[in-house]
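Please open the model in your viewer and keep the sequence panel visible beside it. The stops below are meant to be taken in order, with one selection made at each.

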Amino acid sequence: MSHHLFLLSPSDTPLYSLTHHSSKPVPNVSSPLSSNLPNWSTSAFAGTLTALSGASSSAHQTSSGTVRMGGGQDRHVIQMIANASLDVIEDIMKSQSTMFLKSVDKFNEWTVSAFITPGNMKFVLLHEGKNDDGIRAFFTDVWELYVKTMLNPFHTAHTPIRSTIFDTRVRSSAKKHL
Amino acid sequence: MAYSQPHSRVSVLSTSSHSSSVEHLSPTASTTRFSLPSIPATPGAPAYPRPAGVRPNIYDRNLNKTRITEVSGAAFTFLFSEVVQYTQKRVSGINDLERRLNTLGYRIGARVLELMAWRAEAASKAPKREIRFLPALMSIHTQVWRAVFGKPADAIEKSVENADEYMIIDNDPLVERYISVPKDMSTLSCSSFTAGIVEAVLDGLGFPARVTAHNTPMAQFPSRTTILIKLEKSVLEREEVFKG
């Protein structure tokens, strides 16, 4: 089961992104759309189309278990889903005062949860399955790390976060909570 | 923030001083170049004694230490006076000077907002943001002022003529306590710096506004200052939606 985290600045510039593969099993999701899908393997957009329809993508056997390749795990598809959810997030954040917005959007197997800091930074997390408490704890950790990054006078709201320590910390928190 | 040794920087010099400059340049003697202790690779590990000369990284610091990290008033006043002088040398007029002070304040305000909210909300199960304007203004008046200046501001007023104008009034602003503005620059208000802080906080919370500072002296408060907030139209429209 994988998670995708994006940190977006108030002007929606991506500052940091992380893909985390957790050892927990993927819940079985079946999509009615995908079963009717013809085989598009010759098309250049095959990956995108399968992903958008929600087809479970080709499985790939490795020593550590089944790792899914292509389809819903495609990088650009993930980014598109995250960006598309911003509309919903911006609608909700105007009327809801909690920072943690759980399951704001759903797209095929992906659920989108978000966290809005008071300074209007958006943390967007794509995940499969339900794990509200873990995600909340994870977001709280990321928030603390972000505040610390932000306090650095050399950091501005639009600087990508390249600190390796930040990265290590986020990863270890992801390992712990997701 | 305490270093493990009082003169940590000196010790850096002394560790590397016994290797000669020739060794430093030759690639074979690379071990000496890496002899300085590096930052521990696993942050969050138990706090074993920190190697001398290595500054702790920002992610190791505790965000909640407020009592011992207060800055002395004298140091701040001195720094701020230098800020004003530095800025004044690089501008063409009073408006420009105020704009630059505002920009400097903005950088502070953006950080104050995040840090203040984190301190207040991080422990709670469901952290909240301000989404209505008036509560946000109240929290600027009390919490932001308390976080930055150590005391709440003195009053909030709403303009009678313009629905989009609000004012925060400070009878004795800390930044201006030791500043006397020359007669020929009487319109200058160094509280533009404070206005910048307010602007950043409002901006962050999603209430874009133009914030300016004005001197409004009274007999008993000669340095009384009004921070004028002129909200953008979108904010008022949004508030209307909430009312309806």
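The tour begins with a sheet in chain A, passes to the contact between the chains, and ends in chain B.

Please bear in mind throughout that this is a predicted model.

**Stop 1: the sheet of chain A**

Select chain A and display it as a cartoon. Five of its strands form an open sheet, arranged in the order β2-β1-β7-β6-β5, with antiparallel pairing. At the edges are β2 (14-21) and β5 of chain A, each of which pairs on one side only. If one looks along the sheet, neighbouring strands are turned against each other by 20° on average, direction ignored.

Next, add helix α3 of chain A, residues 75-95, to the selection. This helix packs on the sheet, where α3(A) touches β1 (2-8), β5, β6 and β7 (122-127) of chain A. The direction of α3(A) makes about 130° with that of β5(A). A further helix to highlight is α5(A), which lies across β1 and β2 of chain A and runs at about 40° to β2(A).

**Stop 2: the hairpin of β5 and β6 in chain A**

Restrict the selection to residues 100-107 and 110-116 of chain A, which are strands β5 and β6. How many bridges join these two strands? There are five, and the strands run antiparallel. Together β5(A) and β6(A) form a hairpin with two residues between them. Within the turn, centre the view on A:Asn108, whose phi is positive, at about 50°. Then select A:Phe107; its bridge partner in β6(A) is A:Trp110.

**Stop 3: where chain A meets chain B**

Display both chains and select the residues in contact between them. Chain A contributes 25 residues and chain B contributes 24. On the side of chain A that touches chain B, α4 (132-151) and α5 (164-177) of chain A each supply at least two residues. Which element gives the most to this side of chain A? It is α4(A), with eight residues. Colouring this side of chain A by residue class shows 12 nonpolar, nine polar and four charged residues.

**Stop 4: chain B as a whole**

Hide chain A and follow chain B from its N terminus. Chain B contains eight helices and four strands, and their order along the chain is α-α-α-α-α-α-β-β-α-β-β-α. Of its 244 residues, 26% count as buried. Among the contacts in chain B with a separation of 6 or more, 57% are between residues 24 or more positions apart.

**Stop 5: a helix pair in chain B**

Select residues 73-89 and 94-121 of chain B, which are helices α4 and α5. Their axes lie 10 Å apart and the helices pack at an angle of about 130°. The two helices, α4(B) and α5(B), are therefore oblique to each other. The crossing in which α4(B) passes α5(B) is right-handed.

Show side chains for the contact residues: B:Val83, B:Thr87 and B:Gln88 from α4(B), and B:Leu97, B:Arg100, B:Leu101 and B:Leu104 from α5(B). By class, this contact comprises four nonpolar, two polar and one charged residues.

**Stop 6: B:Arg210**

Finally, select strand β3 of chain B, residues 209-215, in which B:Arg210 lies. Why does B:Arg210 count as partly exposed? It has 15 other C-beta atoms within 10 Å, whereas a buried residue would have 20 or more and an exposed one 12 or fewer. Add B:Leu228 to the selection and draw the C-alpha to C-alpha distance: B:Arg210 and B:Leu228 are 8.1 Å apart in space and 18 residues apart in sequence.

Definitions and conventions: Residues are numbered from 1 along each chain as its sequence is written. Chains are lettered from A and ligands numbered from 1 in the order in which they are written. This is a predicted model: local features need pLDDT of at least 70, side-chain atom pairs count only at pLDDT 80 or more; totals for chains, interfaces and linings use all residues. Two strands pair if DSSP finds at least two bridges between them. Two residues are in contact if their C-beta atoms, placed from the backbone, lie within 7 Å. Ala, Val, Leu, Ile, Met, Phe, Trp, Tyr, Cys and Pro count as nonpolar, Asp, Glu, Lys and Arg as charged, and the others, Gly among them, as polar. Axes are lines fitted to C-alpha atoms, for helices over the stretch in contact, and angles run from 0 to 180 degrees between N-to-C directions. Angles under 35 degrees count as roughly parallel, over 145 as roughly antiparallel, 65 to 115 as roughly perpendicular and the rest as oblique. A crossing is left-handed if the near helix is turned anticlockwise from the far one by less than a right angle, and right-handed if clockwise.
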